[in-house]
Amino acid sequence: MTRASNWSGALATCLLCMRTASALPHIGDTSKLGWNMERPVMEDDSDDALVIMLILISAIFGTMLGIAAVFLVLYALVQVVQRVRRFVFRLDDDGMSERMRNQLLPDEDSRQSYELARAFERQYPYGSVDTQLTPEQQSLIREKGVDAWEFDVNLDVNAMQQSKTEVLFMGGDNCVQTNLPLPKSNSVYYFEVKLVEKPADVSLWIGLATKPFPAWRMVGWNKFSAGYCTNSGSVHQNSPFRGSRIGEPLLSGDILGIGYQPRSGVMWFTRNGRRYKEIVSGMLYDLFPTISADGPCSFSANFGQRGFVFIEANVKRWGLGPVEGTQQPPPVYGANQNTTLLETAESESTTPDSDDDSSIQPAPEDTVILIDGHSANERQHERRQRTRSGRRSASHRPPLYQKEDPIAAQLLEAGSTSLVPASYPSKQPESLEPTTSEPPPSS
C-alpha cells in the first residue's frame, strides 16, 4: 500500500507538470490574450486544483491503510509465534514451562495452591458474576457515605473482623475483600491501609482484584488483580512469578496508599504520604480493595472516613464516598420535647385538688388519646363526677367495708366518726379513742 501511495503521488506530479507545460504557449503569446482567452485558462486551473486535491486525499488515505495493515500483520505474527512457542515448549498462560514452575514452586503445597487457583480461574472467569454497583448499593452509598464500605470475612477465611475496616488474620494464607467495588463516576479514587501488627516473617499483599477471588491466594498472583508485597516492595500483576520492585519494604505502623483511575485503568501507590512514580496499567475491571496475608497480622483501612496521610488526596477529596451520607442520625436519648402523650400526662398530673371545675385544664382539642376505648376528656369528666358524688355522701362508713367484716364491726361499735373515704389518700384518719381504759396492773 505504501508503494501505491508513492506511485499516486508521482502521477499527480506528472499531471501537474503536463498541464503547466500545455498552458505555457498560450500564456507566453501576449498578443492573443484577452477576455475570451483568460476564462478557459481559469476554468482549467480550477479543474487542476480539484484533481490534485483528490489525488492528495487518496494518497493520505492509502498511506493510513498501509500503516494499519503493517500493524495488523505484525500483531498476527506475534500471536502465531507465541502459540507456536507455547506448543513447542509446553508453556502455560503465565509463559512458564513445567520445569520452571517446579523451580519456582519447590514444595507440594505451593504447587497445589497454584493448580487450584488456575482451576478457580477457569470456573469463574471475569464477567461470570455481575459485580457492578446495583441501584440498591448506590442508594446505600448515598445514605451512609463512605461507611457503606466494609470487609467481608467469610467462614473459609481464618480471620476475625474487629470492625468494619479492621481485620485480624489468625494464621495461614488468607484473603479478604470489601463488600462494594470502587465507583467509576470520579476520575480518581484513593484509600490507605495501615499495618497495625506485622511480624517480620509475615507478608501482606495490598491491592485491587475482581470478584470472586480465591480466598487462599495473594492479591496480584491471579488474573485481573494487582498487589503490593510489604516484605519485598514489589508489585505483582496477574502472575506470582513476575514482579517489579517499585518501593521499599513496610514495617508495623507504615501506611500504604493505593490510587485508582477508572477511566484509564491505572493504579499507583504511596508509602507514608509519598507517591511512587511507577504505575500499573490495564486494570479496566470492576475492582474491589483486596488484602491478603500469609501469617498472623492485623491492619486498618481508611476509605475516607478520616484524613489521609497523602495530603493531595485530602485536598481533592479522593475518598471512596462522601464522609457523611443523607441518612439522618437517630434522636438523642432523653429528648422528649413536643411529645403529645407526655404533654397530656403532665396536664393531668398537675390537676389541683379543688372543687372549682375551671381549675382543671382539659387536654388540647386536637389531641385524642384513647384509653380502654375512651378519650382523655371523657375520663376526666368521669373522674370529676366521681369526686363530687364522693364528697356529697354523708356516710362515714369506709368504702367496700361490710357489716359482717369483724374489723368493720369493731370500728362501728367504737363509734368512730372520723373515718375518711379511701379516695383521699393524702389525709390520714384521726386516732381512735378507746371507750374504756383500764390502768395497768401494779407490779
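The side chain of Asn 158 reaches out to the backbone oxygen of Gly 171, at a distance of 3.1 Å. You will find Asn 158 in the loop between E1 and strand E2, which covers 159–161. Keep in mind as you look that this is a predicted model. Gly 171 has company around this asparagine: leaving out residues up to four places away in sequence, Asn 158 touches Phe 169, Met 170, Gly 171 and Asn 174. Take Met 170 as an example, since Asn 158 and Met 170 are twelve residues apart in sequence, yet their C-alpha atoms are 5.6 Å apart in space. Is Asn 158 buried or exposed? Its relative accessibility is 39%, so Asn 158 counts as partly exposed.

A second asparagine makes a good companion to this one. Asn 222 lies in the loop between strand E6 (204–209) and strand E7 (225–229). With a relative accessibility of 1%, Asn 222 counts as buried, because the cut-off for that label is under 20%. Its side chain joins that of Arg 217 in a polar contact of 3.1 Å. Once residues up to four places away in sequence are set aside, Asn 222 touches Ala 117, Arg 118, Glu 121, Phe 213, Pro 214, Arg 217 and Asn 238.

The loop between E6 and E7 also brings us to the salt bridges, of which the count comes to seven. In one of them, the side chains of Asp 152 and Lys 211 meet with an N to O distance of 3.8 Å. This pair links distant parts of the chain: Asp 152 sits in strand E1 (residues 151–152), while Lys 211 belongs to the loop between E6 and E7, 59 residues apart. Both partners are partly exposed, Asp 152 with a relative accessible area of 32% and Lys 211 at 26% relative accessibility.

Now turn to Arg 271, which takes part in two salt bridges that are worth following together. Glu 248 is one partner, and here the closest N and O atoms are 3.6 Å apart. Glu 248 lies in the loop between strand E9 (243–245) and strand E10 (255–261), and Arg 271 in strand E11 (residues 266–271), so this bridge ties together parts that are 23 residues apart in sequence. Asp 254 is another partner, meeting Arg 271 at 3.8 Å, N to O. Because Asp 254 is also in the loop between E9 and E10, while Arg 271 is in strand E11, this pair ties together parts that are 17 residues apart in sequence. Through the shared partner, Glu 248, Asp 254 and Arg 271 are joined into one network. How do the members sit with respect to the surface, buried or partly exposed? Arg 271 is buried, with a relative accessible area of 17%, and Asp 254 counts as buried at 13% relative accessibility. Glu 248, on the other hand, is partly exposed, with a relative accessible area of 40%.

From charged residues we can move to the nonpolar ones. In soluble globular proteins, nonpolar side chains tend to be buried together. Here the largest nonpolar core has 43 residues, and those with the most contacts inside it are Met 267, Phe 269, Ile 291 and Phe 299. Strand E5 (residues 189–197) gives this core its largest share, four residues. Apart from it lies another core, of eight residues, including Val 188, Phe 308, Phe 310 and Trp 318. For a closer view of the largest core, pick out Met 267: apart from its neighbours within four places in sequence, Met 267 is in contact with Leu 208, Ala 226, Ile 258, Gly 259, Tyr 260, Ile 279, Val 280 and Met 283.

There are nonpolar residues on the surface, too. Val 70, Val 73, Leu 74 and Leu 77 form a nonpolar patch there, with about 350 Å² of accessible area together. Val 70 belongs to helix H2, which covers residues 35–89. With a relative accessible area of 45%, Val 70 is partly exposed.

Finally, step back to view the whole chain. The chain has nine helices and 14 strands, and 32% of its 443 residues count as buried. Among contacts between residues at least 6 apart in sequence, 61% join residues at least 24 apart. The accessible surface of the chain comes to about 29200 Å², and carbon and sulfur atoms account for 57% of that area.

Terms used
Residues numbered from 1 in each chain as written. Predicted model: local features only at pLDDT ≥ 70, side-chain atom pairs only at ≥ 80, totals over all residues. Heavy atoms only, no water. Helix = DSSP H or I, 4+ residues; strand = E, 2+ residues; numbered from the N terminus. Buried < 20%, exposed > 50% of the residue type's maximum accessible area, 1.4 Å probe, protein only. Polar contact = N/O pair within 3.5 Å; in protein donor to acceptor, adjacent residues only side chain to side chain. Contact = heavy atoms within 4.5 Å. Patch = residues over 30% accessible without salt bridge, like charges linked within 9 Å, V, L, I, M, F, W, Y side chains within 5 Å. Areas by Shrake-Rupley, 256 points an atom, 1.4 Å probe, with all protein chains shown as cover. Salt bridge = Lys/Arg side-chain N within 4 Å of Asp/Glu carboxyl O. Core = buried A, V, L, I, M, F, W, Y, C linked by side-chain atoms within 4.5 Å.
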